[in-house]
Structure formats: structure tokens, C-alpha cells
Amino acid sequence: MLHLRPENLLVQKTLTEAWNASESGSPLTLDRVISDFDYTTLHVSNSPDNKNVLWLSIKTKAWQSVSKCGDGFLEHLQSKYSGFSGIAPVGQPEQGYDYTLSVDLAQLQPDAIVQLSLLKIHMMSFAFQLAFHEFSLLSQQAQDPASFSGSNDTGTVRQLQYRDDENIFIKPSNDRITVIFETFFQDETDKVFGKVFLQEFVDARKRNRSIQSAPQVLFSHEPPLEAASVMTSRKADKNRRFITFVLFQRHFQTPELQFSSVCHLALFRNYFHYHIKCSKAYMHSRMRYRVDTFIKVLNRAKLDEKDDGDQTRRTITGRKLVY
Amino acid sequence: MSYLNNPAIVMDNGTGLTKLGFAGNDSPSWVFPTAIATAQRSATKSGGSGASSSTMQNQSAPYFGNSTSATSFNSLASAALMSNNLAGKRGTEDLDFYIGNEALSAAQGPSYSLSYPIRHGQVENWDHMERFWENSIFKYLRTEPEDHFFLLTEPPLNPPENREQVAEIFFESFNCAGLYIAVQAVLALAASWTSSKVVDRSLTGTVIDSGDGVTHVIPVAEGYVIGSAIKNIPIAGRDITLFIQSLLRERGEEDTTLRTAERIKQEYCYVCSDIVKEFNKFDRDSEKFAQFIVENTEKTKRKVIDVGYERFLAPEIFFNPEIASSDFLTPLPTVVDQTIQACPIDVRKGLYNNIVLSGGSTMFKDFGRRLQRDLKGLVNNRIALSESLSGTRSTGVDVQVISHRRQRNAVWFGGSLLAQTAEFKGYCHTKKDYEEIGPEIVRNFSLFNMV
């Protein structure tokens, strides 16, 4: 598994089970907590009055900052599910959660289950959608010389605070969208691994001609200028790293491309940390292998115990009898 | 510190099945075989990706599949260009593996080989186990281990070195926020607190844990396993299934696959109080005989299998092993009695008083009641004998077998119950403690005092 998949397998499994049970006439009683990356908790439960209607609630760290990005956040989420019958937002979200969808199992379609498992991605995608929209406005302005001011830095920076001290900054301008990840490592070893990986992200594009169409990646210790306006209030910490992705129009021309770009960007940090952990696991297995070979060498140095003639008896397979 | 609000993760890695889930849920989120299918070294790249696409759920884009080539580096002719590149020096074969049910289906192809990293409850292959955990955390549970506390289980008599290995993996590879390793038998005791029969939430009792391969009888006194008294019985779920299969074959039924036998075991079997009476009941009343219908996948053919005496004979091999095996002849109640008699005298009453069932093979109807009756008989006989020999009156021993609704995943459920309490995080060793003291920190965990 090289890539993390955008959909939440557990949401899919739980909903499919509930759907099957409801089809066969014996609806399940559900009260399940499901988690996702970055302080995201989902809760699947029966609605208070009807067992065939499920509530899917989400609570996530990024919610607050995403909803501050612009108007129409709830409408955006609603539009993702309006095409499916039986799915509707619940007016008052469940206690302790940010957003609640009610899912009528009788009308549920398999496609809808996949879309429901993408709830977190859809939530994150709002900020990106706004940026895509602003990009198209800005690029139209740039083509019209009358209104073009000549500067490339006119877009607004949107900030997604998706973890306690980590943020994503999205800045559209008339020819590109810049996405900046601010990361912070809690562990010293991770920092070293992370540096190697990030350097590799930056260099891979230079080395391999076949991936020239991939977004450009930059890596720095200082906040990039695009995000500097938002960063000034914050004390620049030594442990902070900044990864910048530069998206051009070819990365978000069609809705499919937009979705795929958003998935990759939204999962970038998780992908990155997953691979740090995988490399550690790989190194551990190499270390175990090496220790085994060393032990073999050491065992070679052991002296065979002297046979005391008739004192030692052996079984037919050569084992010693101890008595 | 917002990881405090995230639910703890409860992982019960058994020999056969792994149970994964979040604390506070009533059942594990994932139950799948503890199996890992790794790419064979000789397998070509194309063979590997072919097998992976067939086992993936079809709705996913191939890009997010198990493929280990992000930009198809390996198949490109530009290999020479990449000679100075890390990815050119070594591939990503270590990421090409499946776990659980996907592993079983992937292993049917030629390019993956299946292995079970846990043998007899203990981790045998740490490389595979580390990757198994990696995939279960990131793919199935979708959690960032830095944000969550973990509760893992271990079999009784697990060497402390193994615990240290687990701690090294969880703290150093995964950087988990905190870790608690609990003994399975203790968690099974905790799971029994949901039963209405349990009044005091004590951690003293005898756990009968019967899974697929082996049945353990484990005495636990105040949260500590009495290791010297543990007894194993080589009769468990698989033996019952095989016994049913042999009965079906003897009778010449149409379908005698292991799968059919297993379904019959799960759906029709129960424990009776007296075999002779039960035989008579069956002969008098033909209603007792059942029919099991096997349909092929297309639902075009139907085979009707008669289910007869095996309904009560199959679970009977726990109580009269001689009907199925010729090398192990001690009935389960006797083994339980011997186990408790091997324990220190001051805890025996508590052990008789709280006999807890756990595992799928204890799910037969009336299993607990029969065990309680037989055991009571043994104990009462002994008391009567000692009374007649000594001439004094005994105060008597109360034998109680507790069955409850969560028996099948009792260990996991007990873990979920304990890990959702507010105190749980206080009992865990945190990453900071680990860095301060080192792996030997996990040799001791304070016990849950639920009073």
C-alpha cells in the first residue's frame, strides 16, 4: 500500500452492514465511534425515532477553520449529497459533533455509501473549491488588460488549521494556486526521516523527466512569502518546516482532477507520516536481520562440549538426553 | 494535547483472528485473520499489481490500490536516469503486502505467500507483525498513532522480552501517545462485569477461553494470573467441527464440507443435560431433527442435509471427550476442578465462585449451565468425603459459571470497557515515560482497580 485511500473503509463497512441488515428486515442497533486522521471522529448511530434511519456525525479539528474560509460551507457539503435520495443534513448537529447527516437506509445506494465515506475529504475540499473559484476569477481579470493591476499576488490566503500546531495555507493567484503545509515533528527521529523524504519530494521532479507534469514542490525552514502575511503573528519556530506545492491549471482543470488533487493534498501529511513509519519498520526489519547474522557469527565461536564418552547418550536424531 | 479526546484503540491480536476497534464501542470494528501476504521475491512487478487490482474493492481508482509504483518508475526505460535516485536503488517492495481477508485472497494468486505471524498466542515473526500493525493502523483504523492511546493484549505467560519488543515497535516506529498491555484472561474477566450475575467487580476468577485451536483454563487472582496452575485442553472449535464432519460422512450426507459442518455447529448445536435422555427425546419427537440447506453461489442447486444427534453430541465432547478423541480423556469440568485445586487455598473459593467463559466455542446454549452442574457435583462429592472423614461440617463452596452476551469477543470487549474509563490514560505508559526509562518500563503495568 503506497497511497492512503481517501475513503474511510470502516464507514463503508459499517454502512454496508447496516444496509444489508435493514434490507433483510432486522435493522441493527448501532452506536459506533469511527476515527479518521487528524483528530477526526465519526459517529454512526440510529436516529432517535427510527431504526432504519442512521445518523452519521463528524467532529474534526479542521471544521472551524474551514467554515471561516468563506460563505456557503454548509451548502457546499449539502451539494455533495443532494444527488442521493435519503441523505439529508440534520438541522441541529448531534451533541459534541460538528455536522450530522441523516441516512435513510431504505433509500441508500451503493454509490452513496462511498460518498459518505468521503465526508471528511468533502469537508476539506471546501477551502480548495473556494481557491479554484477565486483562481478562475483572477485569471479572467489577468486576461483583461483594463482591470489587471499587474501584480500576481492578489488572492486571499486561506488557512486550514487541521492539527493543533499545523496548518495548510492556500493562496490562489492568476496563474497558479500555492498550497503550503506547515509541519512540526514531535519526535527527533521523525525529523530526520522527514527531512530525507521532503528533500526527495523536491528532487524527484528534477531527476525524473516523466513526472514533469507533477506540481512543483519546495521545501524551506522559513515561512514562504505567500503565507508570510498570516504567519507574522506567529513566532517562527526552529522545528517548523514548510512544504509548498505549486498547482497550475492543468492540475485542476476538470472536476475529476480537482477531486484527485484535493484528495492528495488533504492526505499529504498522513501519507508523509505513514511513509516515515513504514521506513522505520523497514529499517527495523533490516536491523533484526543483521542481529541474527551477528548472533550466528557469535555462535560459531562457541566451543562444542566435550563428549564424555558413555556419559552422554544421544537419541537417534542427535539430541542429547538430559537426566 | 488534544489527543485526550480521541478514543483509545483496542487491538487484540490472537492466533487466528485479530480484533481491532475503538474503546467505547460494543463490538470490534474489524475482525479478520491474523494473516499477512507478502510479495514473493521472485514475483515480477506486473504479476504483483495484477493480483492487487483483482482483490481491491472495485470502486476504488487503481491509483489508490496496493500498487507500489507511484509513477510507474520501475517499468520505465529511464531506469538509467534514476541510478542516483533513492527510488532507483531500492524499490518499495516492503510496502507490497496485504493483511487479513485481503491477504487470504491475495495468497491464492502466484505472487504472494501467506504467513501467520502469531503462533500459539505469541508473536513469532516481528517483521511481519510490525507491518501487520502498520497496515491495520493506517489502512483499517485510519488513525495517526501519535494521537491515540493503545490497549494491546497478550496471552498469559508471555515473556517480558516480548512485551518490550511490542513497546519498542509502538513507541519507536509508531510514536503512539500511550500504551497499555493487558493479559487476555484479565480482560475476559472484566467483560463478564456486564452480566447481571456479577455483583462485585473483582478481578478474581477462572477464565475458560476456548477458541479455534485450543482451550485454556486460566485462574486469575486479584488481576494476577496464577501461571503455575494454567491448564490446556486440546479440544476446541476445530475439533467440534471435525467431529460433526465425521458424523455427516458416516451417515453419507450429500455435502460434508468443513464449511457446512461449521455452519451446522454455529446454528444448531446445543449442550444437553443428559445424553441418554436426549437420545430418547430425539427418537420420540422427530421435530428435534433439523434440516440444513446448502445452496451453491448461483442459488440454482439445493442440497438438503439432515441434522440429527450431532446437535447435542458435538458440544458433548467437552464433557465426554472419549466420544471423539482417544488421546485426551479428561472432561472439561474435571480439568477446571484440577486447575482450581492447584491454586493457593485462600483464593479457591473466589475461583469457584466466578468462572467466566470467553471465546467462540463457549457460545453453545446451556454450556455454562452444564459446566456449573458437573463442577458442582465434583465439588460436593469432595466436600461430602472430607466431611465424613473429618467429622466436621463444611461451610460449602459456591460454584458459579457466568455466561454473558459478549462472550464471543470477550477479550476485546473487556479491553474496550476498560479503555473507555477516564482513569485508563493514567494507567498507560506514555511516550515520554518510555523515552525516560526505556523498554523495560512495560514490564509492569498497574492493574485496574475498578472499585
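A:Gln161 stands opposite A:Asn167, a residue of strand E7 of chain A. Start there. This is a predicted model, and that pair opens the way into one of its sheets. Strand E7(A) covers residues 166–172 and is joined to E6(A) by five bridges. The two strands run antiparallel.

Now widen the view to the whole sheet. Five strands of chain A make up an open sheet, in the order E6-E7-E8-E10-E9. The pairing is antiparallel. Strands E6 (158–163) and E9 (216–220) of chain A stand at the edges. Each has a single partner strand, so one side of each is left without a neighbour in the sheet. From one strand to the next, the twist averages 20 degrees. A helix lies over part of this sheet: H6(A) lies across E9 and strand E10 (240–247) of chain A. H6(A) runs at about 145 degrees to E9(A).

Step back to the domains of chain A. The assignment gives domain 1 as residues 9–117 and domain 2 as residues 123–266. Their C-alpha centres lie 30 Å apart. Where they touch, domain 1 of chain A contributes 13 residues and domain 2 of chain A contributes twelve. On the domain 1 side, the elements that give two or more residues are strand E3 (53–60), helix H2 (63–68) and helix H3 (73–81) of chain A. H3(A) gives the most to that side, with three residues. By class, the domain 1 side has seven nonpolar, four polar and two charged residues.

Next comes the contact between the chains. Chain A puts 41 residues into this contact, and chain B puts in 45. On the chain A side, four elements each supply at least two residues: helix H1 (9–23), strand E1 (31–36), helix H6 (188–207) and helix H9 (268–300) of chain A. H6(A) has already appeared, lying across E9 and E10 of chain A. Which element supplies the largest share of the chain A side? H9(A) does, with eleven residues. The chain A side holds 16 nonpolar, eleven polar and 14 charged residues. For the model, the scores are ipTM 0.88 and pTM 0.86.

Cross over to chain B. Chain B has 16 helices and 19 strands. Of its 451 residues, 44% are buried. Take the contacts in chain B between residues at least 6 apart in sequence: 69% of them join residues at least 24 apart.

Chain B is divided into three domains. Domain 1 is assembled from residues 1–40, 95–183 and 410–450. Domain 2 takes residues 195–234 and 329–403, and domain 3 takes 237–317. The C-alpha centres of domains 1 and 2 of chain B lie 30 Å apart. Their contact takes ten residues from domain 1 of chain B and eleven from domain 2 of chain B. The domain 1 side of that contact has seven nonpolar and three polar residues, and no charged residues.

Chain B has an open sheet of six strands, in the order E3-E2-E1-E9-E10-E19. Here the pairing is mixed. Strand E3 (30–33) and strand E19 (429–430) of chain B are the edge strands, and each pairs on one side only. Further in, strand E1 (residues 9–13) and strand E2 (residues 17–22) of chain B pair in the antiparallel sense over five bridges. Within E2(B), B:Gly21 stands opposite B:Val10. Helix H5 (residues 160–173) of chain B lies across strand E9 (149–154) and strand E10 (178–183) of chain B. H5(B) runs at about 155 degrees to E10(B).

Last, confidence. Chain B has a mean pLDDT of 84, and 87% of its residues reach 70 or more. Where in chain B is confidence lowest, and where is it highest? The low point is helix H1 (residues 45–55) of chain B, at a mean of 39. The high point is helix H11 (residues 332–341) of chain B, at 95. Over residues 43–63 of chain B, pLDDT stays under 50, and the model has 29 contacts beyond four places in sequence for them. Over residues 69–89 of chain B, pLDDT also stays under 50, with 23 such contacts. Where pLDDT is low, the predicted coordinates should not be read in detail.

Definitions and conventions
Residues are numbered from 1 along each chain as its sequence is written. Chains are lettered from A and ligands numbered from 1 in the order in which they are written. This is a predicted model: local features need pLDDT of at least 70, side-chain atom pairs count only at pLDDT 80 or more; totals for chains, interfaces and linings use all residues. Domain bounds come from an automatic or database domain assignment. Two residues are in contact if their C-beta atoms, placed from the backbone, lie within 7 Å. Ala, Val, Leu, Ile, Met, Phe, Trp, Tyr, Cys and Pro count as nonpolar, Asp, Glu, Lys and Arg as charged, and the others, Gly among them, as polar. Two strands pair if DSSP finds at least two bridges between them. Axes are lines fitted to C-alpha atoms, for helices over the stretch in contact, and angles run from 0 to 180 degrees between N-to-C directions. A residue is buried if 20 or more other C-beta atoms lie within 10 Å of its own, exposed if 12 or fewer, and partly exposed in between; C-beta atoms are placed from the backbone. pLDDT is the predictor's confidence in each residue, from 0 to 100.
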